[in-house]
Amino acid sequence: MSAAATRRLTTAQALVRFLAAQYTERDGVRHRLIAGTWGIFGHGNVAGLGQALVEYREAMPYHQGRNEQAMVHAAVGHARHLNRLSAQAVTTSIGPGATNLVTGAALATINRLPVLLLPGDYFASHAADPLLQQLEHPVEADVSVNDALRPVSRYFDRITRPEALLASALQAMRVLSDPAETGAVTLALPQDVQAQAYDWPEEFFADRVWRVRRPAPDPAELAEAVRAIRAAARPLIVAGGGVHHSEAEPALKALVDATGIPVASTQAGKGALRHDHPADLGGIGHTGTAVSDALARTADLVIGVGTRYSDFTTASGTLFQHPGVRFLNLNITAFDAHKLAAGTLVCDARSGLTALTEALAGHRVDAAYEAEYRTGRARWEEAVEGAFRADDDSAVPTQTQVLGALDAVVGDADVVINAAGSLPGDLHKLWRARSPRQYHLEYGYSCMGYEIPAALGVQQAAPGTPVWALVGDGTYLMNPTEIVTAVQENLPVKLVLVQNHGYASIGGLSESVGAERFGTDYRHRVADGSFTGAPLPVDLAANAASLGMDVLRAKTVRELREALATARAATRPTCVYVETAPPSAALPAQAWWDVPVAEVSAREAATDARAAYERAVADRRRHL
């Protein structure tokens, strides 16, 4: 009998060839699991993965990043837009390149989004010890800075021998493609091992398909869920990101059309129903709509679908106030399904919603309840119109009027990306999501600097789709460098850069908790040490232009509308720069959020804030 066929390659070459042959499949549709690799090269990966990516560049697309954290953000944006069915890899050198991955890895894992991280590592042989950028630990010689990635990764391994990759690469793909386990996956690659050759079995490079499961609900759990819904007088669905990941939007609509149960959405779930559906109530929680939060306070059954119930969603445990409120959670992960002492349906969102619709045949909420929430949503729509409306086209726009102007320009397929600052609250309350993929808010980690690189990842996933990155001046200054990558790869992303001279959302929060907006303005320091002088002479539009973007400056509402229309039609990366007038927030928060206030202070602002805090926290409930 002849020996099994092998192929002699370096570890890095074998990894690239392996990744190029991995696929996911769901509902008969196949996707490439690792669609491309982002990289910044240094001594820890240039001779290993760098050489392998050159050798197999036809099999594995390569994208040049400028910041390691931003590369992860781009990969996450790509994966989210493709409903987690396709991911990208990110390779870095050792040292700061590797540790720069930690924030992006945390963001990916918190949001349950797949990304493969391939940081370089120390010499497994310790032949060069210590080498440049190596962390020396006095009692654990096998520790490196890459170990900082362990707590933010869903799977981690250090490949200290070539043949160790055989098992670990398969485990990495299993986790990336598993909807219940996915997140950041890290394979730390010692730089000497990357370059070592090994006789790899040919089977390792064969096309491999990872089928993404749609587990059905357990019959007993389904029966109990149906009983709970039939018994509820005021049920409310909370749609989370799992609805999108499962492509369950049509199944949710079918359930709602059949039963009349209204839907409120988390930041990740917004767009699960189209904004003009009569049962769509908009966002829920601290940044939710008045109608959503009013119904949440009186709901006797809260049906969570694909949500992890963040503190913004629950208003830090103060939102769901019905004396007998109970929870029913449909989630593919048991960890999330059991939150709030809920009844559970541990299953795929589409499978579970379809099963509920069939089992609830003939059931519908009371007509008076439907009339109540429809009246509430009509009132809120009037509030949205008021926030968007600009009575004077020659005036400097407010932030909400910026959103109103964008709302008038976008089409159903456009994607709007945001993550941090005052914009997430305004968007959650006001944005009219026209399609499942349009509203792209990263609010699990709410990471400043996410928007621009994520727009690149989305643009790669959806060529020809207008992709908008909405950023404030604070966020822009955190991470503008991937503009250069957009120019280099001719990705025609649209950047809406809102200048309000500081951290607007944290400034408002600072004022509300007695910290008096200290350290939140981008202004000159004055004699008493505060930052209350004139705005800094910083020209962010000129900065964007210097990085290669076409820049349109809009000083009035009229100019803004014209600039947005021009940007949407542009075929190059284009920035619309607008300085906004106060107020930056659209409408006051409709529910509370717990940010602990100083229990004692000599300053009146803090003592007043503490009194308000104690009144609010008294409404917190433990749902057991």
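Me: In this predicted model, which element gives the most to the lining of the second largest cavity, and what makes a residue part of that lining?

Reply: Helix α15 gives the most, with four residues. A lining residue has an atom within 4 Å of a cavity point, so the four residues of α15 meet that cut-off. Two or more residues also come from β14 (280-283) and α17 (423-430).

Me: Which of the 19 lining residues lie nearest the centre of the second largest cavity?

Reply: They are H275, D280, L281, G282 and E381. The volume of this cavity is about 210 Å³.

Me: Why is the space of about 560 Å³ called a cavity?

Reply: A cavity is a set of points where a 1.4 Å probe fits but cannot get out. The space of about 560 Å³ is the largest cavity, so a probe placed there cannot get out. Among its 37 lining residues, G241, G242, A268, G306 and R308 are the closest to its centre.

Me: What makes G241 and G242 polar in the count for the largest cavity?

Reply: Gly is counted among the polar residues, and therefore both belong to the 17 polar residues of this lining. Twelve others are nonpolar and eight are charged.

Me: How do you know that β2 (residues 22-26) and β3 pair?

Reply: Pairing requires at least two bridges. These strands share four bridges, in the antiparallel sense, and therefore they satisfy the criterion. In one bridge, E25 has R30 of β3 as its partner.

Me: Why are β3 and β11 called edge strands?

Reply: In the order β3-β2-β11, β3 (29-32) and β11 (208-211) each pair on one side only.

Terms used
Residues numbered from 1 in each chain as written. Predicted model: local features only at pLDDT ≥ 70, side-chain atom pairs only at ≥ 80, totals over all residues. Heavy atoms only, no water. 1 Å grid on protein atoms, 1.4 Å probe; cavity = no way out; pocket = protein on both sides within 12 Å on 5 of 7 lines; lining within 4 Å. Points joined across faces, edges and corners; volume = space filled by probe spheres on them.
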